[in-house]
Amino acid sequence: MKRRTFLATSALALGLAGTAFAQDKVKVGFIYVGPVNDGGWSQHHHESAMVMKEHFGDAIELVEQESVPEGADTERALTQMALSGCDIVFATSFGFMDPTINVAKKFPKVKFEHATGYKRAENVSTYSARFYEGRAVQGLLAGRMTQSNVIGYIGSFPIPEVIRGIDSAFIHARKVNPDVQFKVVWANTWFDPAKEADAATALINQGADVILQHTDSTAPHAAAEKAGNVYTFGQAADMAEYAPKPRISSIIDNWAPYYIERVQAVMDGTWESKDTWGGIASGMVKIGEISDAVPAEIRDEAIALEESISSGAYHPFTGPLNKQDGSVWLAEGEVADDGTLAGLNFYVEGLSGEVPK
Amino acid sequence: MIRLEKRPSPSRVWTAATPVLAVALTMVAGGVLFAMLGKDPVAAIRIIFWDPLFNEQFASYSRPQLLVKAGPLILIAIGLSLGFRAGIWNIGAEGQYIIGALSGAGVALALYPLEAWFVFPLMVIAGGLGGWAWAMIPAILKTRFRTNEILVSLLLVYVAEQILAAMALGLMRNPEGGGFPGSRNLQQYPAAANTELIANSGMHWGVVAAFVAVIAAYVLLNRHMLGFQIRLTGQSPRAARFAGVNPNGLVLFCLGASGALAGLAGLFEVSGPAGQVSIDFNQGYGFTAIIVAFLGRLNPVGILLAGLLMALTYIGGELAQFMLNLPAAAIQAFQGMLLFFLLGLDVLTNYRLRWGKREIA
């Protein structure tokens, strides 16, 4: 009898301890490369984090650090978050990759999530979005809307993610307009309004009347508005304040569902290291509303393309496609595999200029 | 009525007291700023100045980080202070820092994967030489053509940044990096890595070099003829010329020394904490070091303390950012206040406050 009571009490105690542990708040950390009001990339991660926070309410504690430089300072920011008791930390810029891997080694119990990188570990997952699917829609719109047949493209860094976007946009612009030319300017920054505005102005002066950007600020839109008769696309965020013109559509990153899923996994103890690459179908990439500046038939054409990508009926990298030097990349009907796309470092046939080396 | 009356000579008491007072005033004004943002000002100040040193949770990590952050600041500021004392204004330490890092990393990448004892010493020499050579451009232009060294050295920063980007994307790009910009990670190349000398101490060769530079600058300024000439030129250029100081020689020495030290700082950073040449490798150490030099009163020991204080506001500021959800801009404003109050209070070093009406002479 005594023994049984003892067992019952200890079971009760264990049960209590279990619930106490479960009620312990999960602490979630975020670091951003830019300010949380950059109007683009970092702001969207921040807003998605806020949606996630709202979803869980008091069940989690959220800590954030903005404008974290890529390099030695990243490692310190991540370490301090881990030391402060974070259970999971999201590192939301490509340049945070090596520091994330280094810090993760020192804190095997903390989970790390790195956006857009390719290095993983037991406790490091990577996640990214198939922005190139959205770029295909932008390319179609750009090819249809241009009068001068010159399309400007503000690149950030010549990394695969950006090159994929250029290739995808170009392929789909050429499909609807065989005379189209792309001019690419490399800004070598993710966020620098002054440089981005300069790049946009330079492209407009070279005759571009549609500007695509892979940088995060709204400065190119302001430059386009000033020049008049130039169309732009929102990047990472909707940038609807420049609609209906110059901004005629946008690619929106929607990270909130992923953040909710991953934090939930930490709560449930089911978190595992994995690589996630979501596109239009999973909702990670969204096409911002196509504005009234675009004629209805072109809009319908763009929406049809979006739907065929979303349903899986069409892949933006479907052969026949040649590399810039004319050699065959994808044969008729062949679809690029994810491995090739992840490391894509060449232009497709028809693009002028070189990928900086 | 308050009047300012020029002191016959700068007050020794105020020279020492203004930095302390400036820190105190920064805490008060910063506290007001934080309170206006709806944060607990006492908690914020405690997190910035106290937690990195004494909080059990963080201190064991952030104390060594203070050295990592302060090392390059002190090394660069010591070099700058020599020139500033003589009225030679090198504003381009950031560029010399970049070129030093590129020169040193270039040696390492050229020798990769050779494992030999001389790799790191060669990198150190190349780093110092690179910074020195970059500083020689404004120095020679000044001595030969009387150009303004402030403008030339500052503008060369932007040239250096372009070279850095070109190197990270081109010549120095990691051939095994999958097309991504940035060089090989030197931390993974043992012969070239500037690792911690004692584990978890934060002490790497750059920190050692900073301490050596403090001592060397102290000896130079107080015990050496050259140091006397530097101080004399700063106080009275005419008197210096009568005393036989060669002004051109002094320009070459001061800019060269500060360039070499900035180059060394870059080399130690690229081979240590940063690890690789990347497009945005430079984080503004060269500019922050100017604040550190003045905060330390252009005095080697003062610079040592000022560098550590500046590092503390960086690391504490980061903690405050994510613990209290303070915006990054508030921390930068806080650091800016420090320099503002210091320069403002400097008036008291050179002037005396007088209450009441002007006496009739």
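**Group meeting: chains A and B of a predicted model**

Good morning. I shall begin with the place where the two chains meet: the contact draws 29 residues from chain A and 26 residues from chain B. Please bear in mind throughout that this is a predicted model.

Which helices of chain B each supply at least two residues of the side that touches chain A? They are helix H4 (59-85), helix H7 (149-169) and helix H13 (300-324) of chain B. Of these, H13(B) provides the largest share of that side, with five residues. Sorted by class, the side of chain B that touches chain A consists of 14 nonpolar, 10 polar and two charged residues.

Let me now turn to chain A by itself. Chain A is divided into two domains, and each of them is made of two segments of the sequence: domain 1 covers 25-130 + 255-278, while domain 2 covers 131-253 + 286-342. Taken over C-alpha atoms, the centres of domain 1 and domain 2 of chain A are 28 Å apart. Where these two domains of chain A touch, domain 1 gives 15 residues and domain 2 gives 17 residues. On the side of domain 1 of chain A that touches domain 2, helix H2 (residues 41-56) of chain A makes the largest contribution, three residues. That same side of domain 1 of chain A comprises seven nonpolar, six polar and two charged residues.

I continue with the sheets of chain A. A general remark may help here: strands of a sheet pair through backbone hydrogen bonds, either parallel or antiparallel.

One sheet of chain A is open and has six strands in the order S2-S1-S3-S4-S5-S11, with parallel pairing. Which strands lie at its edges, pairing on one side only? These are strand S2 (60-65) and strand S11 (275-278) of chain A. With direction ignored, neighbouring strands of this sheet are turned against each other by 15 degrees on average. Within the sheet, strand S1 (residues 26-31) and strand S3 (residues 88-91) of chain A run parallel and are joined by four bridges. As an example of the register, Gly29(A) stands opposite Val89(A) in S3(A).

Helices pack on this sheet as well. Helix H3 (residues 72-83) of chain A touches S1, S2 and S3 of chain A, and its direction makes about 160 degrees with that of S3(A). Helix H4 (residues 97-106) of chain A touches S3, strand S4 (111-115) and strand S5 (124-129) of chain A, and the direction of this helix makes about 170 degrees with that of S4(A).

Another open sheet of chain A also has six strands, in the order S7-S6-S8-S9-S10-S12, but here the pairing is mixed. Its edge strands, each paired on one side only, are strand S7 (181-186) and strand S12 (285-288) of chain A. From one strand to the next, the twist averages 15 degrees. Strand S8 (residues 210-213) and strand S9 (residues 231-236) of chain A pair in the parallel sense over two bridges, and Val210(A) has Tyr231(A) in S9(A) as its bridge partner. Helix H5 (residues 131-145) of chain A packs on this sheet, where it touches strand S6 (150-155), S8, S9, strand S10 (247-253) and S12 of chain A. The direction of this helix makes about 175 degrees with that of S10(A).

Strand S9 of chain A also contains Ala236(A). The phi angle of Ala236(A) is near 70 degrees, a positive value in a residue other than glycine. In the loop between S9 and S10 of chain A we find Pro244(A), which is joined to Ala243(A) by a cis peptide bond with omega about -5 degrees.

Finally, I return to chain B for a pair of helices. Two packed helices are described by the angle between their axes and the distance between the axes. Helix H5 (residues 93-111) and helix H12 (residues 285-295) of chain B pack at an angle of about 135 degrees, with their axes 6 Å apart. H5(B) is therefore oblique to H12(B). The crossing of H5(B) past H12(B) is right-handed. Which residues meet here? Ala93(B), Glu94(B) and Tyr97(B) in H5(B) meet Tyr285(B), Gly286(B), Phe287(B) and Ala289(B) in H12(B). By class, the residues of this contact are five nonpolar, one polar and one charged.

The loop between H5 and helix H6 (119-145) of chain B holds Pro113(B). A cis peptide bond joins this proline to Tyr112(B), and its omega is about 0 degrees.

Thank you for your attention.

Notes. Residues numbered from 1 in each chain as written. Chains lettered and ligands numbered in written order. Predicted model: local features only at pLDDT ≥ 70, side-chain atom pairs only at ≥ 80, totals over all residues. Domains from an automatic or database assignment. Contact = placed C-beta atoms within 7 Å. Nonpolar A, V, L, I, M, F, W, Y, C, P; charged D, E, K, R; others polar. Pairing = 2+ DSSP bridges. Axes fitted to C-alpha atoms, helices over the stretch in contact; angles between N-to-C directions. Parallel < 35°, antiparallel > 145°, perpendicular 65-115°, else oblique. Left-handed = near helix turned anticlockwise from the far one by under 90°.
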